[in-house]
Amino acid sequence: MKPLRVAVVGAGPSGLYAAGHLLEGPGGTYLDGRLTTLHTRAVEVDVFDRLPTQWGLVRHGVAPDHPDKKQVATVFEQIAARPGFRFFGNVEVGRDVQTEELSEWYDAVVYAVGATGDATLGIPGEDLPGCLAARAIVAWYNGHPDYRTAPIDLSGERAVVIGNGNVAMDVARLLTTPIDTLARTDIADHALDALRASRVREVVVLGRRGRQHGAFNNPELEELGHLPGVDLAVVHGEPADSADLDPSSARKLRTLHDYATRPSTGAARRIVLRFQTSPLEVLGTEAVRGLRVRGPDGDEVLDAGLVLRAIGYFGTPTPGLPFDHDRGVIPHTDGRITDVPGSYVTGWIKRGPRGIIGTNKKCARDTVRSLLADADAGALRAGTHTGEEVERALRERQPALVDQAGWLAIDHHERAAGLAAGRPRVKVTDLAGQLAHGVR
Ligand SMILES: Cc1cc2nc3c(=O)[nH]c(=O)nc-3n(C[C@H](O)[C@H](O)[C@H](O)COP(=O)(O)OP(=O)(O)OC[C@H]3O[C@@H](n4cnc5c(N)ncnc54)[C@H](O)[C@@H]3O)c2cc1C
């Protein structure tokens, strides 16, 4: 029987998990706690990414000082090594190839493009230079080629992070962690150089609600307490009554109480966790010079050279596909994209920017089950192109296509450079450099 040919758009966790479920390993798939065979079909999967590299936010989101969380990449490596897997990197859907073409060429298409935009605050001054989405600094320190030259100005003594979820914790930590610690990670070299010269002494993290409503998780909050050379302060937000809190919120409160009562050591750097404080206006004319905020004691101006919005990533539309502008997701039923038969969705662009890496595994499995059910029901229109025809068409349009061997060459180069430097890898962070290793 002719293999089922599927395009997966996006080589982040959700796309690679989808590829993994489609190219199911010999053991099958865990379902309700048991190993189950999802299907016995022959499947070929072509994974596309607009970048020459794989792993999405595992490479460009997860903090460099959390190498354990990047271990999941070994699972993605195993998936990519399975027969039937191909990679088309440096191929952007919407630029190099259109959604309508993929629908025509393949039996089915899975969109796993993640959340490529950012939520905004809607306050005056948000567009001033020096006021950026947390995505910019995260992508910058993680070596995303689009953010290599992001205007991250670390010349001011205070940076303010608006929002207090885990991304805010990552950013506050990265801005204050001793440089020798960062130098042992896979942080981008340009970020390491800039952080070495950084004059930021204080990072203020703002949360609108009270302490027990901090959006951070307990491990991320507790990690701050172990940063050498960093004092912690907690301002506002002690609840009147904390007796009825769930265990997780109670633990947050205990940690915050500990931070609030720690004596200052006069350390060179400080993180201030402020609660019940809302941003009103980003101040400045040519560039950011501060933030006007409202807290329980009234309005106040925080002088700052850098203001970062860590209030959420947000999906952006893919040309040719429907889009829910309020939620920033592609509308679907059980992973089937509304009104686009044969097209499916998974990951952050399906659920919104929530959930850890592992959440995408079940999400992708649910989507793949819908796709396979449609294939079994004969509901998919057969694609027009063989694997060779697709590759020929793509290489004509994008001669700098990076295939699986090309990505492995980039990966090998980075790891070898890392080995020599006592780091997990030294990332190649510019597109030209990546293509020099990856185009063959
Ligand atoms: C700052 C940050 C830190 C995080 N830290 C952790 C952590 O420590 N632990 C944890 O479990 N989770 C963490 N997460 C969450 C985790 O990264 C996400 O759950 C996961 O990456 C979402 O996977 P995804 O595949 O939906 O999207 P993504 O990872 O964003 O992957 C989408 C991929 O699609 C590609 N793409 C986009 N548009 C196109 C296009 N038009 N054509 C071709 N390709 C395209 C992108 O280049 C990207 O490679 C973090 C998230 C962030 C933002």
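In what order do the six strands of the open sheet stand? In this predicted model, the order is β8-β16-β9-β10-β12-β11, and the pairing is parallel. The edge positions are taken by β8 (131–133) and β11 (230–235), each of which has a single partner strand, so one side of each is left without a neighbour in the sheet. From one strand to the next, the twist averages 20 degrees. Strands of a sheet pair through backbone hydrogen bonds, in either the parallel or the antiparallel sense.

At the β8 edge, three bridges connect β8 with β16, and the two strands run parallel. Within this pair, Leu132 has Leu308 in β16 as its bridge partner. Strand β16 (306–309) also pairs with β9 (residues 158–162), again in the parallel sense, over four bridges. Here the bridge partner of Val160 is Val307 in β16. Both faces of β16 are covered. Leu306 and Leu308 are buried on one side, and Val307 and Arg309 are buried on the other. The two β16 residues named above as bridge partners, Leu308 for Leu132 and Val307 for Val160, thus belong to opposite faces of the strand.

At the β11 edge, β11 is joined to strand β12 (residues 269–274) by six bridges, and these strands run parallel. Val235 stands opposite Arg274 of β12. Helix α10 (residues 247–261) packs on the sheet, where it touches both β11 and β12. The direction of α10 makes about 110 degrees with that of β11.

On the β8 side of the sheet order, helix α5 (residues 134–141) lies across β8 and β16. Helix α5 runs at about 70 degrees to β8. Helix α5 also packs with helix α6 (residues 166–176), at an angle of about 55 degrees and with the axes 11 Å apart. That angle makes α5 oblique to α6, and the crossing of the two helices is left-handed. The contact involves Ala134, Ile137, Val138 and Tyr141 from α5, which meet Val167, Asp170, Val171, Leu174 and Leu175 from α6.

A further helix pair is formed by α1 (residues 13–22) and α12 (residues 359–376), whose axes are 8 Å apart and which pack at an angle of about 50 degrees. The two helices are therefore oblique to each other. Helix α1 passes α12 in a right-handed crossing, whereas the crossing of α5 and α6 is left-handed. On the α1 side, the contact residues are Pro13, Ser14, Tyr17, Ala18, His21 and Leu22. On the α12 side, they are Asn360, Lys361, Ala364, Arg365, Val368, Leu371 and Leu372.

Several individual residues were also examined. Thr429 lies in the loop that links α14 (404–421) to α15 (431–438). Thr429 counts as buried because its relative accessible area is 8%. The side chain of Thr429 makes a polar contact of 2.9 Å with the side chain of Arg148. Leaving aside residues up to four places away in sequence, Thr429 touches Gly143, His144, Pro145, Arg148, Ala188, His190 and Gln434. Arg148 therefore appears both in this contact list and as the side-chain partner of Thr429 in the polar contact.

Asp411 is located in helix α14. With a relative accessibility of 6%, Asp411 counts as buried. Beyond residues up to four places away in sequence, Asp411 touches Trp55, Glu77 and Arg425. One of these residues, Trp55, lies in the loop between β4 (43–49) and α2 (57–60). Trp55 is buried as well, with a relative accessible area of 6%. The phi angle of Trp55 is near 90 degrees, a positive value in a residue other than glycine.

A positive phi value is also found at Asn90, where the angle is near 60 degrees, again in a residue other than glycine. Asn90 lies in the loop between β5 (85–89) and α4 (99–105). Because its relative accessible area is 5%, Asn90 counts as buried.

Technical notes:
Residues are numbered from 1 along each chain as its sequence is written. This is a predicted model: local features need pLDDT of at least 70, side-chain atom pairs count only at pLDDT 80 or more; totals for chains, interfaces and linings use all residues. Side-chain values use heavy atoms; hydrogens and water are left out. Buried means under 20% relative accessible area, exposed over 50%, partly exposed in between (1.4 Å probe, protein chains only). A polar contact is a pair of N or O atoms within 3.5 Å; within protein, one must be able to donate a hydrogen and the other to accept it, and residues adjacent in sequence count only if both atoms are side-chain atoms. Contact means heavy atoms within 4.5 Å. Two strands pair if DSSP finds at least two bridges between them. Axes are lines fitted to C-alpha atoms, for helices over the stretch in contact, and angles run from 0 to 180 degrees between N-to-C directions. Angles under 35 degrees count as roughly parallel, over 145 as roughly antiparallel, 65 to 115 as roughly perpendicular and the rest as oblique. A crossing is left-handed if the near helix is turned anticlockwise from the far one by less than a right angle, and right-handed if clockwise.
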